[in-house]
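Work through the following exercises with the sequence and the model side by side. Each task is followed by a solution that proceeds step by step.

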Amino acid sequence: MHKLTIFLIALIFSGTLRADILVIVHAQNPVSTLEKKQVVDLFMGRVSAFPDGGSAQTLDLKTGTPLRADFYKRLTGKSEAQVDAYWATLVFAGRMSPPKQFIDDHALIGEVTKNKMAIAYVARQSLPGGVKIVMELTQTAQ
């Protein structure tokens, strides 16, 4: 019975995994909106600056976080394992380091409020005044 209860609770809350994902930056960042390709380029390490030329620091959730897997699937069409393999290749080649990882949305939001160069993603929620949304990834019909 205990396992069934946990399963049902997980099932109820799994709807949040399909919620919109918000890409956020510091409130004082001059960037007001980003296109999907620009976000892909930032999070896949193809560029390290915002379109206005300002340095960008991508922030990520820890590997294994359901929102992280959902973010990369929606953004790139790749699984979390494929994204991790991509980064492992770049790191091995000495080309670059992957985004710094955080334990949850609250840690990401906290870092973005302190770091004017930061860009991160979080599940749709009320956000503090220190951040702003530059793009939304919505669930697409499959």
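## Exercise 1: an aromatic pair in the interior

Tyr 121 is buried, with a relative accessible area of 0%, where buried means under 20% relative accessible area, exposed over 50% and partly exposed in between, calculated with a 1.4 Å probe on protein chains only. Before going on, keep in mind that this is a predicted model, in which local features need pLDDT of at least 70 and side-chain atom pairs count only at pLDDT 80 or more, while totals for chains, interfaces and linings use all residues. Residues are numbered from 1 along each chain as its sequence is written, and side-chain values use heavy atoms, with hydrogens and water left out.

Task: determine how the rings of Phe 43 and Tyr 121 are arranged, and which elements the pair ties together.

Solution. Begin with the criterion: rings of Phe, Tyr and Trp (its six-membered ring) pair if their centres lie within 6.5 Å, and planes under 30 degrees apart count as stacked, over 60 as edge-to-face and the rest as tilted. The structure holds six aromatic pairs. For Phe 43 and Tyr 121, the ring centres are 5.8 Å apart and the planes stand at 65°, so this pair is edge-to-face. Next, place the partners: Phe 43 lies in helix α2 (residues 36–43) and Tyr 121 in strand β4 (residues 118–123), so the pair ties together parts that are 78 residues apart in sequence. Helices (H or I, at least four residues) and strands (E, at least two) are DSSP runs, numbered from the N terminus. Phe 43, too, is buried, with a relative accessible area of 0%.

As a second case, take Tyr 86 and Trp 87, whose ring centres are 5.8 Å apart and whose planes are at 85°, so this pair is also edge-to-face. Tyr 86 counts as partly exposed at 25% relative accessibility, whereas Trp 87, at 6%, counts as buried. Finally, Phe 43, Phe 71, Tyr 72 and Tyr 121 form one aromatic cluster.

## Exercise 2: the nonpolar core

Task: state which residues have the most contacts inside the largest nonpolar core, and which element gives the most to this core.

Solution. A nonpolar core is a set of buried Ala, Val, Leu, Ile, Met, Phe, Trp, Tyr and Cys residues joined through side-chain atoms within 4.5 Å. The largest one has 37 residues, and Phe 43 and Phe 71 have the most contacts inside it. At least two residues of this core come from each of β1, α2, β2, α3, α4 (80–92), α5 (105–114), β4 and β5 (131–137). Strand β4 gives the most, with six residues.

Now follow Phe 43 outward: leaving aside neighbours within four places in sequence, its contacts (heavy atoms within 4.5 Å) include Leu 59, Phe 71, Tyr 72, Trp 87 and Tyr 121. The buried residues of its helix α2 are Val 39, Val 40, Asp 41, Leu 42 and Phe 43, and they pack against β1, β2, α3, α4, β4 and β5.

## Exercise 3: a strand residue and a loop residue

Task: establish where Ile 21 and Phe 50 are placed, and whether each is buried or exposed.

Solution. Ile 21 is in strand β1 (residues 21–26) and counts as buried at 0% relative accessibility. Although Ile 21 and Tyr 121 are 100 residues apart in sequence, their C-alpha atoms are 6.5 Å apart in space. Phe 50, by contrast, is in the loop between α2 and β2 (57–61), yet it is buried, with a relative accessible area of 4%. Beyond four places in sequence, the residues touched by Phe 50 include Val 25, Leu 42, Met 117 and Ile 119.

## Exercise 4: two helices in contact

Task: find the angle at which α3 and α4 pack, and describe the residues of their contact.

Solution. Axes are lines fitted to C-alpha atoms, for helices over the stretch in contact, and angles run from 0 to 180 degrees between N-to-C directions. Helices α3 and α4 pack at an angle of about 80°, with their axes 8 Å apart. That makes α3 roughly perpendicular to α4, since angles under 35 degrees count as roughly parallel, over 145 as roughly antiparallel, 65 to 115 as roughly perpendicular and the rest as oblique. The contact is made by Arg 68, Ala 69, Tyr 72 and Thr 76 of α3 and by Glu 80, Val 83 and Asp 84 of α4. These residues divide into three nonpolar, one polar and three charged, where Ala, Val, Leu, Ile, Met, Phe, Trp, Tyr, Cys and Pro count as nonpolar, Asp, Glu, Lys and Arg as charged, and the others, Gly among them, as polar.
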